[in-house]
Amino acid sequence: MRVVFGVLSLLIVVAIIGILAKQQLGAIAPAATPSNAVGPGGTMARPSGTPQQQVQQFQKAVEGSVQQARPMPDEPK
């Protein structure tokens with residue numbers, strides 16, 4: 001009888017952990033897709049232009065997002 005209750009309690013604990021894990025994974029799954037890659041209707045946006053144009057668009061996007069380095073403060077004398 002003690003063994004039966006032990007096995008049942010173990011199964012219940014595993015089921016609860018599984019349910020909680022499923023809820024947690026469901027909460028973070030939509031956030032894993034980049035927002036700019038999803039087009040209208042929730043589909044992935046198709047790349048436009050030739051590969052060379054795509055590379056140039058990517059380079060412009062990277063250059064636009066790179067921040068300038070802050071000037072270093074003067075060293076104390």
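Burial is scarce in this predicted model: of the 77 residues of the protein, 3% count as buried. The exposed surface comes to about 7700 Å², and 65% of that area is supplied by carbon and sulfur atoms. In terms of secondary structure, the protein holds 2 helices and 0 strands.

Helix α1 is a good place to begin a tour, and it covers residues 2-28. Its 27 residues should span 39 Å at 1.5 Å a residue, since the expected span is 1.5 Å times one less than the number of residues. The C-alpha atoms at the two ends of α1 lie 40 Å apart, which agrees with that expectation. Helix α1 is also hardly covered, as the count of buried residues among its 27 residues is 0.

A closer look at one residue of this helix helps to make the picture concrete. V3 sits in α1 and has a relative accessible area of 63%; because exposed means over 50%, V3 is exposed. V3 also belongs to a nonpolar patch on the surface, where it is joined by M1, V4, F5, V7, L8 and L11. Together, the residues of this patch have about 750 Å² of accessible area.

Note on methods
Residues numbered from 1 in each chain as written. Predicted model: local features only at pLDDT ≥ 70, side-chain atom pairs only at ≥ 80, totals over all residues. Heavy atoms only, no water. Patch = residues over 30% accessible without salt bridge, like charges linked within 9 Å, V, L, I, M, F, W, Y side chains within 5 Å. Areas by Shrake-Rupley, 256 points an atom, 1.4 Å probe, with all protein chains shown as cover. Salt bridge = Lys/Arg side-chain N within 4 Å of Asp/Glu carboxyl O. Helix = DSSP H or I, 4+ residues; strand = E, 2+ residues; numbered from the N terminus. Buried < 20%, exposed > 50% of the residue type's maximum accessible area, 1.4 Å probe, protein only.
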